[in-house]
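The following paragraphs lead through one protein chain, from its overall fold to a single backbone feature.

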Amino acid sequence: MKSQSLVPIVIAVVGHRNPTDQAIALNKALFKDDLYKLSRMFPDSPIYMLNGLASGMDLVAADIFNKFCLQEKADLDHRLIGVLPKPLNQYQSEIAKEDFNLFEDLISAHHTSVLDPSNCF
């Protein structure tokens, strides 16, 4: 059964495209901890994450959020919302080769929505 909460918790993530290994490790731990804190503070509210899904920290955070969605309560409708600056097919062609599979996995996840200029105006 879906949560009856009417108010989602909305977070936005913007990150560096070329983070250091140390920054990745630190931010992964902090972001994961913050997600679980939010879910404990607001147990009946879904969490919506707005994310540009760019290579670097955006994708790192989206991957952590994706794993959080898969592990958390199934009755909450957590959402990863990719907010792209150009239509999806153009954006996909510009994703770094090493990030392409992760990007594809994230946009195809059942809890992911994608907003881009082709579906927002």
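Read along the sequence, the elements of the chain alternate as β-α-β-α-β-α-α-β-α, giving five helices and four strands; helices (H or I, at least four residues) and strands (E, at least two) are DSSP runs, numbered from the N terminus. The radius of gyration is 14 Å, close to the 14 Å that the globule rule gives for 121 residues, so the chain is as compact as a globular protein of that length. That radius is taken over C-alpha atoms, and the rule is 2.2 Å times the number of residues to the power 0.38.

This is a predicted model, in which local features need pLDDT of at least 70 and side-chain atom pairs count only at pLDDT 80 or more, while totals for chains, interfaces and linings use all residues. Residues are numbered from 1 along each chain as its sequence is written, and side-chain values use heavy atoms, with hydrogens and water left out.

Of the 121 residues, 42% count as buried, that is, under 20% relative accessible area (1.4 Å probe, protein chains only). Among contacts (heavy atoms within 4.5 Å) with a separation of 6 or more, 79% come from residues 24 or more positions apart.

One local feature concerns the loop between β2 (47-51) and α2 (57-71), where Leu53 lies. Leu53 has a positive phi of about 55° although it is not a glycine. Most residues other than glycine have a negative phi. Leu53 is also buried, with a relative accessible area of 0%.

Methods. Buried means under 20% relative accessible area, exposed over 50%, partly exposed in between (1.4 Å probe, protein chains only).
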